[in-house]
Amino acid sequence: IRVAKRKGAAFVAKLPKAWREAAPQPRFEFVESEDVPVHAEFISLLESTVRADGTIPIKIIQPGRGSSGFYTEAAMKTGPNVFKSGLEMHWDHRTEADKRSRPEGSLNDVAAKLIEDARYVPDHPAGAGLYSTARVYEHFQPFVNEMGPDIGLSIDATGKGHYGKAPDGQDGPVVEAFTSAAGIDFVT
């Protein structure tokens with residue numbers, strides 16, 4: 001599948017339908033100067049209680065090892081360019097099948113939105129990372145209040161990077177910059 005994708009749409013079209021519709025595996029190839037999907041590891045909510053004005057402070061992502069690779073400090077510094085005010089936050093990540101069958105998404109899944117651009121804070125009391133404030137829609141506030149200690153956040157974004165030895169000594173994808181963001185999602 002990876003080889004067909006590298007060769008282009010004509011090659012992907014020749015793959016069996018089940019292969020084309022299969023959910024992507026959590027392995028990603030990072031090739032210099034190409035956009036690739038990235039997902040952060042689970043980041044706990046900073047506060048599990050929604051404030052009276054409907055907002056919550058959030059830590060979007062932190063530098064270091066995540067589920068898609070190693071996130072560099074340089075990547076964190078590019079975050080404010082893509083994690084902008086107005087970015088939607090969904091209740092769960094959309095599956096690949098959801099994205100194909102309903103690419104516009106569903107209003108039933110939009111739980112919150114950023115109300116300020118992300119900012120990189122290297123010396124935050126909760127650790128270095130990208131921080132922002134989100135407004136949780138009233139319908140989802142009881143869920144966030146009740147489930148807050150047991151849920152967290154994960155990004156749906158693309159980035160640039162390379163495959164190699166990360167600063168933690170492990171070989172693998174190294175994310176050097178974020179190039180776009182589709183959302184930040186509440187996840188299990």
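A residue counts as buried when its relative accessible area is under 20%. His90 has a relative accessibility of 10%, so His90 falls on the buried side of that cut-off. All of this refers to a predicted model, and His90 is a handy place to start looking around in it. The residue is found in strand E6. Leaving aside residues up to four places away in sequence, His90 touches Asp109, Val110 and Ala111, and also Ala182, Ile184, Asp185 and Phe186.

Next door in the sequence comes a ring story. Trp91, in strand E6 (residues 88–91), pairs up with Phe143, in helix H6 (residues 141–147). The two aromatic residues are 52 residues apart, so the pair links distant parts of the chain. Before going further with the rings, it helps to have the overall tally, which is 6 aromatic pairs in the structure. In the pair made by Trp91 and Phe143, the ring centres sit 5.9 Å from each other and the planes make an angle of 50°, a tilted arrangement. Phe143 has a second ring partner in Phe140: here the centres are 6.1 Å apart and the planes are at 55°, so this pair is tilted too. How buried or exposed are these two phenylalanines? Phe140 counts as buried, at 6% relative accessibility, while Phe143 is partly exposed, with a relative accessible area of 37%. Ring pairs join Trp91, Phe140, Phe143 and Phe186 into a cluster. Phe186 also turns up among the residues that His90 touches.Then there is the matter of what fills the inside. In soluble globular proteins, nonpolar side chains tend to be buried together. In this model, the largest nonpolar core has 30 residues, and Ile60, Phe83 and Phe178 are the ones with the most contacts inside it. Several elements give two or more residues to this core: strands E3 (55–61), E7 (110–114), E9 (129–136), E10 (152–165) and E11 (171–187), along with helix H4 (73–78).

Two of those contributors, E10 and E11, also belong together in another way. The two strands run antiparallel and are joined by 14 bridges. They form a hairpin with 5 residues between them, and in the turn Gly169 has a positive phi of about 90°. Lys160 offers a closer look at this pairing. This lysine has its place in strand E10, and its bridge partner in E11 is Ala177. The C-alpha atoms of Lys160 and Thr179 are separated by 6.9 Å, although the two residues are 19 residues apart along the chain. Lys160 is partly exposed, with a relative accessible area of 35%.

Charged residues come next. Side chains of opposite charge can pair when their charged atoms come close. The count for this model comes to 5 salt bridges. One of them involves the hairpin just described: Arg65 forms a salt bridge with Asp168, with 2.9 Å between the closest N and O atoms. Arg65 lies in strand E4 (residues 64–66) and Asp168 in the loop between E10 and E11, so this salt bridge ties together parts that are 103 residues apart in sequence. Both ends are partly exposed, Arg65 with a relative accessible area of 27% and Asp168 with 33%.

Another salt bridge stays within a single helix. Which residue does Glu73 pair with? The partner is Lys77, and the closest N and O atoms of the two are 3.8 Å apart. Both residues lie in helix H4, 4 residues apart, which amounts to about one turn of the helix. Glu73 counts as partly exposed at 42% relative accessibility, whereas Lys77 counts as exposed at 53%. Helix H4 is also one of the elements that give two or more residues to the nonpolar core.

Lys84 and Asp117 make up a further salt bridge, with the closest N and O atoms 3.3 Å apart. Lys84 lies in the loop between H4 and E6, and Asp117 in the loop between E7 and strand E8 (119–121), so the pair connects two loops and ties together parts that are 33 residues apart in sequence. The relative accessibility of Lys84 is 36%, which counts as partly exposed, and Asp117 is partly exposed as well, at 35%.

Technical notes
Residues are numbered from 1 along each chain as its sequence is written. This is a predicted model: local features need pLDDT of at least 70, side-chain atom pairs count only at pLDDT 80 or more; totals for chains, interfaces and linings use all residues. Side-chain values use heavy atoms; hydrogens and water are left out. A nonpolar core is a set of buried Ala, Val, Leu, Ile, Met, Phe, Trp, Tyr and Cys residues joined through side-chain atoms within 4.5 Å. Buried means under 20% relative accessible area, exposed over 50%, partly exposed in between (1.4 Å probe, protein chains only). Two strands pair if DSSP finds at least two bridges between them. Rings of Phe, Tyr and Trp (its six-membered ring) pair if their centres lie within 6.5 Å; planes under 30 degrees apart count as stacked, over 60 as edge-to-face and the rest as tilted. Contact means heavy atoms within 4.5 Å. A salt bridge is a side-chain nitrogen of Lys or Arg within 4 Å of a carboxyl oxygen of Asp or Glu.
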